[in-house]
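Open the model in your viewer and follow the stops below in order. Each stop says what to select and what is there.

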Amino acid sequence: MIRLPLPVSTSPIEIDKLDESLCLYLCIHTSLIMRTTLDLPEELIKEAMRMTGAKTKSALIKEALEAQINRIKRKRLLSFKGKIDLDIDLDSLRNR
């Protein structure tokens, strides 16, 4: 049986007695969301939010991380240019 600690004044509650939706909420929110404190220049954040149209700082940071990851993936793919021999006849593929 898994127990969740509560404040000192109460005893732990058993998960099997919790509402199913609360269990799902606890599982999702404790494993997928990470709070982090960052020291970022305020003007940089304001300019980025203006340029991207992001409504929140969290959305801005998420968008920036996704864009950076995509750039890195594209660079890695480009590093294979000319290194892989696919032995493909492009003319036949293009029905020429």
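**First stop: a salt bridge in helix α3**

Select E66 and K62: the two form a salt bridge, with the closest N and O atoms 3.9 Å apart. This is a predicted model, and the tour reads its coordinates as they stand. Both E66 and K62 belong to helix α3, where they sit 4 residues apart, about one turn of the helix. E66 is partly exposed, because its relative accessibility is 42%. K62 counts as exposed, at 53% relative accessibility.

**Second stop: a salt bridge in helix α2**

How many salt bridges does a search of the whole structure find? The count is 2. For the other pair, select K46 and E42, whose closest N and O atoms are 3.1 Å apart. K46 and E42 both lie in helix α2, residues 42–52, and they too are 4 residues apart, about one turn of the helix. With 53% relative accessibility, E42 counts as exposed, whereas K46 has a relative accessible area of 38% and is partly exposed.

Stay on helix α2 and select A48, which lies in this helix. Is A48 buried or partly exposed? A48 has 23% relative accessibility, so it counts as partly exposed; the cut-off for buried is under 20%. Now add L60 to the selection and draw the C-alpha to C-alpha distance: A48 and L60 are 7.5 Å apart in space, with their positions 12 residues apart in sequence.

**Third stop: the largest pocket**

Select M34, L38, K57, S58 and I61. Among the 16 residues that line the largest pocket, these five residues lie nearest its centre. The volume of this pocket is about 570 Å³. Which helix gives the largest share of the lining? Helix α3, residues 57–78, supplies 7 residues of the lining, the largest share. Colour the lining by residue class, and it divides into 9 nonpolar, 3 polar and 4 charged residues.

**Fourth stop: a nonpolar surface patch**

Switch to a surface view and select L77, F80, I84, L86, I88, L90 and L93. Together these residues make a nonpolar surface patch of about 760 Å². Within the patch, pick out L93, which is placed in helix α4, residues 90–93. L93 is exposed, because its relative accessible area is 57%, and the cut-off for exposed is over 50%.

**Last stop: the whole chain**

Clear the selection and show the protein as a cartoon. The protein has 4 helices and 2 strands. Traced from the N terminus, the elements run β-β-α-α-α-α. Next, colour by accessibility: of the 96 residues in the protein, 7% are buried. Finally, show the full surface, where the accessible area comes to about 9,500 Å² and 59% of it belongs to carbon and sulfur atoms.

Methods
Residues numbered from 1 in each chain as written. Predicted model: local features only at pLDDT ≥ 70, side-chain atom pairs only at ≥ 80, totals over all residues. Heavy atoms only, no water. Patch = residues over 30% accessible without salt bridge, like charges linked within 9 Å, V, L, I, M, F, W, Y side chains within 5 Å. Areas by Shrake-Rupley, 256 points an atom, 1.4 Å probe, with all protein chains shown as cover. Salt bridge = Lys/Arg side-chain N within 4 Å of Asp/Glu carboxyl O. Buried < 20%, exposed > 50% of the residue type's maximum accessible area, 1.4 Å probe, protein only. 1 Å grid on protein atoms, 1.4 Å probe; cavity = no way out; pocket = protein on both sides within 12 Å on 5 of 7 lines; lining within 4 Å. Points joined across faces, edges and corners; volume = space filled by probe spheres on them. Nonpolar A, V, L, I, M, F, W, Y, C, P; charged D, E, K, R; others polar.
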